[in-house]
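I opened this chain to look up its folds, contacts and surface. My notes are kept in the order of looking.

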Amino acid sequence: MSEAITKQQKRGQPIRNVNITDITMNYRQPPSAIVSILHRISGFGMFLMLPFLLYLLQESLRSEISFAHFAGIVSGLFVKIILLGLSWAYLHHFTAGIRHLFMDNHLALDKDAAQKTARWVLVISLALTVVVGLKLFGVF
(Lines give C-alpha, C1' and ligand atoms only; values in the text may rest on other atoms or scores of the structure.)
Protein backbone atom coordinates (compact mmCIF):
# COMPACT_ATOMS: atom_id res chain seq x y z
CA MET A 1 0.00 0.00 0.00
CA SER A 2 2.76 2.44 0.85
CA GLU A 3 4.44 1.71 -2.49
CA ALA A 4 1.27 2.73 -4.35
CA ILE A 5 1.04 5.95 -2.39
CA THR A 6 4.63 6.87 -3.10
CA LYS A 7 4.18 6.15 -6.81
CA GLN A 8 1.12 8.38 -6.92
CA GLN A 9 2.88 11.08 -4.98
CA LYS A 10 5.84 10.91 -7.35
CA ARG A 11 3.49 11.43 -10.30
CA GLY A 12 2.06 14.50 -8.57
CA GLN A 13 -1.37 13.02 -7.93
CA PRO A 14 -2.94 14.00 -4.63
CA ILE A 15 -3.95 11.20 -2.30
CA ARG A 16 -7.38 11.80 -0.93
CA ASN A 17 -10.12 9.62 0.42
CA VAL A 18 -13.54 11.16 -0.09
CA ASN A 19 -16.23 10.38 2.46
CA ILE A 20 -19.90 11.36 2.69
CA THR A 21 -19.26 14.51 4.74
CA ASP A 22 -16.88 15.76 2.05
CA ILE A 23 -19.52 15.21 -0.61
CA THR A 24 -22.27 16.98 1.30
CA MET A 25 -20.20 19.85 2.68
CA ASN A 26 -17.38 20.57 0.25
CA TYR A 27 -18.62 19.59 -3.21
CA ARG A 28 -21.43 21.34 -5.05
CA GLN A 29 -23.45 18.81 -6.99
CA PRO A 30 -24.91 19.87 -10.35
CA PRO A 31 -28.72 19.79 -10.66
CA SER A 32 -28.61 16.66 -12.82
CA ALA A 33 -26.74 14.78 -10.06
CA ILE A 34 -29.25 15.97 -7.45
CA VAL A 35 -32.17 14.85 -9.64
CA SER A 36 -30.52 11.48 -10.23
CA ILE A 37 -29.94 10.89 -6.52
CA LEU A 38 -33.47 12.02 -5.62
CA HIS A 39 -34.89 9.80 -8.37
CA ARG A 40 -33.32 6.78 -6.72
CA ILE A 41 -34.37 7.86 -3.23
CA SER A 42 -37.96 8.49 -4.34
CA GLY A 43 -38.18 5.10 -6.03
CA PHE A 44 -36.82 3.37 -2.94
CA GLY A 45 -39.24 5.29 -0.69
CA MET A 46 -42.22 4.34 -2.81
CA PHE A 47 -41.11 0.71 -2.78
CA LEU A 48 -40.81 0.72 1.02
CA MET A 49 -44.20 2.35 1.51
CA LEU A 50 -46.04 0.07 -0.93
CA PRO A 51 -47.51 -2.18 1.82
CA PHE A 52 -48.89 0.92 3.62
CA LEU A 53 -50.44 2.22 0.41
CA LEU A 54 -51.98 -1.17 -0.36
CA TYR A 55 -53.42 -1.29 3.16
CA LEU A 56 -54.98 2.14 2.69
CA LEU A 57 -56.42 1.09 -0.68
CA GLN A 58 -57.85 -2.07 0.87
CA GLU A 59 -59.45 -0.10 3.70
CA SER A 60 -60.96 2.41 1.32
CA LEU A 61 -62.56 -0.23 -0.92
CA ARG A 62 -63.74 -3.01 1.40
CA SER A 63 -66.96 -1.53 2.85
CA GLU A 64 -68.51 1.68 4.13
CA ILE A 65 -67.30 0.91 7.65
CA SER A 66 -63.75 0.29 6.49
CA PHE A 67 -63.91 3.50 4.44
CA ALA A 68 -64.84 5.40 7.62
CA HIS A 69 -61.87 3.72 9.31
CA PHE A 70 -59.71 4.76 6.34
CA ALA A 71 -60.94 8.35 6.63
CA GLY A 72 -60.03 8.30 10.32
CA ILE A 73 -56.53 7.04 9.58
CA VAL A 74 -55.89 9.59 6.85
CA SER A 75 -57.16 12.52 8.91
CA GLY A 76 -54.20 12.27 11.31
CA LEU A 77 -51.37 14.80 10.95
CA PHE A 78 -48.61 12.17 10.93
CA VAL A 79 -50.30 10.17 8.17
CA LYS A 80 -50.85 13.34 6.15
CA ILE A 81 -47.15 14.13 6.38
CA ILE A 82 -46.33 10.58 5.25
CA LEU A 83 -48.78 10.92 2.36
CA LEU A 84 -47.26 14.27 1.42
CA GLY A 85 -43.82 12.66 1.35
CA LEU A 86 -45.15 9.83 -0.80
CA SER A 87 -46.79 12.38 -3.09
CA TRP A 88 -43.46 14.15 -3.50
CA ALA A 89 -41.73 10.82 -4.17
CA TYR A 90 -44.26 9.92 -6.85
CA LEU A 91 -44.30 13.35 -8.48
CA HIS A 92 -40.52 13.63 -8.49
CA HIS A 93 -40.08 10.10 -9.79
CA PHE A 94 -42.66 10.73 -12.51
CA THR A 95 -41.19 14.04 -13.70
CA ALA A 96 -37.64 12.69 -13.59
CA GLY A 97 -38.86 9.67 -15.55
CA ILE A 98 -40.30 11.98 -18.23
CA ARG A 99 -36.91 13.71 -18.37
CA HIS A 100 -35.22 10.33 -18.83
CA LEU A 101 -37.62 9.49 -21.67
CA PHE A 102 -36.59 12.67 -23.45
CA MET A 103 -32.94 11.81 -22.91
CA ASP A 104 -33.53 8.28 -24.22
CA ASN A 105 -34.77 9.90 -27.42
CA HIS A 106 -31.53 11.90 -27.67
CA LEU A 107 -33.09 15.20 -26.61
CA ALA A 108 -31.45 17.55 -24.08
CA LEU A 109 -28.24 15.55 -23.83
CA ASP A 110 -25.73 18.38 -23.87
CA LYS A 111 -24.57 19.76 -20.56
CA ASP A 112 -26.53 23.01 -20.54
CA ALA A 113 -29.81 21.42 -21.63
CA ALA A 114 -29.40 18.57 -19.13
CA GLN A 115 -28.87 21.02 -16.28
CA LYS A 116 -31.86 23.09 -17.42
CA THR A 117 -34.18 20.08 -17.59
CA ALA A 118 -32.94 18.92 -14.18
CA ARG A 119 -33.85 22.31 -12.70
CA TRP A 120 -37.28 22.05 -14.31
CA VAL A 121 -37.79 18.61 -12.78
CA LEU A 122 -37.03 20.02 -9.33
CA VAL A 123 -39.29 23.05 -9.80
CA ILE A 124 -42.22 21.14 -11.30
CA SER A 125 -42.14 18.30 -8.77
CA LEU A 126 -41.95 20.72 -5.83
CA ALA A 127 -44.71 22.94 -7.24
CA LEU A 128 -47.01 19.96 -7.74
CA THR A 129 -46.17 18.72 -4.24
CA VAL A 130 -47.16 22.10 -2.81
CA VAL A 131 -50.50 21.89 -4.65
CA VAL A 132 -51.09 18.36 -3.32
CA GLY A 133 -50.10 19.50 0.18
CA LEU A 134 -52.51 22.40 0.08
CA LYS A 135 -55.30 20.06 -0.98
CA LEU A 136 -54.29 17.41 1.56
CA PHE A 137 -54.33 19.88 4.46
CA GLY A 138 -57.66 21.37 3.40
CA VAL A 139 -56.66 24.80 2.11
CA PHE A 140 -58.95 24.34 -0.91
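The entries below go from the whole chain down to single residues.

**Entry 1: whole chain.** I note at the start that this is a predicted model. I looked up the secondary structure and found six helices and zero strands. Read from the N terminus, the elements run α-α-α-α-α-α. For the chain of 140 residues, I have 21% as buried. I put the accessible surface at about 10300 Å², with 69% of that belonging to carbon and sulfur atoms. I then took the contacts with a separation of 6 or more; residues 24 or more positions apart account for 68% of them.

**Entry 2: helices α3 and α4.** Two packed helices are described by the angle between their axes and the distance between the axes. I looked up both values for α3, residues 31–61, and α4, residues 64–74: the angle is about 135° and the axes are 6 Å apart. Angles over 145 degrees would count as roughly antiparallel, and 65 to 115 as roughly perpendicular. The pair α3 and α4 is therefore entered as oblique. On the α3 side I list Tyr55, Leu56, Glu59 and Ser60 as making the contact; on the α4 side, Ser66, Phe67, His69, Phe70, Ile73 and Val74.

**Entry 3: salt bridge.** Side chains of opposite charge can pair when their charged atoms come close. How many salt bridges does the count come to? I get one. Glu59 is the acidic partner and Arg62 the basic one, with the closest N and O atoms 2.3 Å apart. I also checked the cover on Glu59: its relative accessible area is 6%, and the cut-off for buried is under 20%, so I enter Glu59 as buried. Glu59 is also among the α3 residues that contact α4.

**Entry 4: Trp88.** I place Trp88 in helix α5. Is Trp88 buried or partly exposed? Its relative accessibility is 22%, so it counts as partly exposed. Leaving out residues up to four places away in sequence, I find that Trp88 touches Leu38, Ser42, Ser125, Leu126 and Thr129. I also looked up Val130: it is 42 residues from Trp88 in sequence, and their C-alpha atoms are 8.8 Å apart.

**Entry 5: nonpolar patch.** I looked for nonpolar side chains on the surface and noted a patch of about 590 Å². Its members are Tyr90, Phe94, Ile98, Leu101, Phe102 and Leu107. I took Ile98 for a closer look and located it in helix α5, residues 77–104. Ile98 has 33% relative accessibility, so I log it as partly exposed.

Note on methods:
Residues are numbered from 1 along each chain as its sequence is written. This is a predicted model: local features need pLDDT of at least 70, side-chain atom pairs count only at pLDDT 80 or more; totals for chains, interfaces and linings use all residues. Side-chain values use heavy atoms; hydrogens and water are left out. Patches are made of residues with over 30% relative accessible area and no salt bridge: like charges are joined within 9 Å, nonpolar side chains (Val, Leu, Ile, Met, Phe, Trp, Tyr) within 5 Å. Accessible areas come from the Shrake-Rupley method with a 1.4 Å probe; for residues, only the protein chains shown count as cover. A salt bridge is a side-chain nitrogen of Lys or Arg within 4 Å of a carboxyl oxygen of Asp or Glu. Helices (H or I, at least four residues) and strands (E, at least two) are DSSP runs, numbered from the N terminus. Buried means under 20% relative accessible area, exposed over 50%, partly exposed in between (1.4 Å probe, protein chains only). Axes are lines fitted to C-alpha atoms, for helices over the stretch in contact, and angles run from 0 to 180 degrees between N-to-C directions. Angles under 35 degrees count as roughly parallel, over 145 as roughly antiparallel, 65 to 115 as roughly perpendicular and the rest as oblique. Contact means heavy atoms within 4.5 Å.
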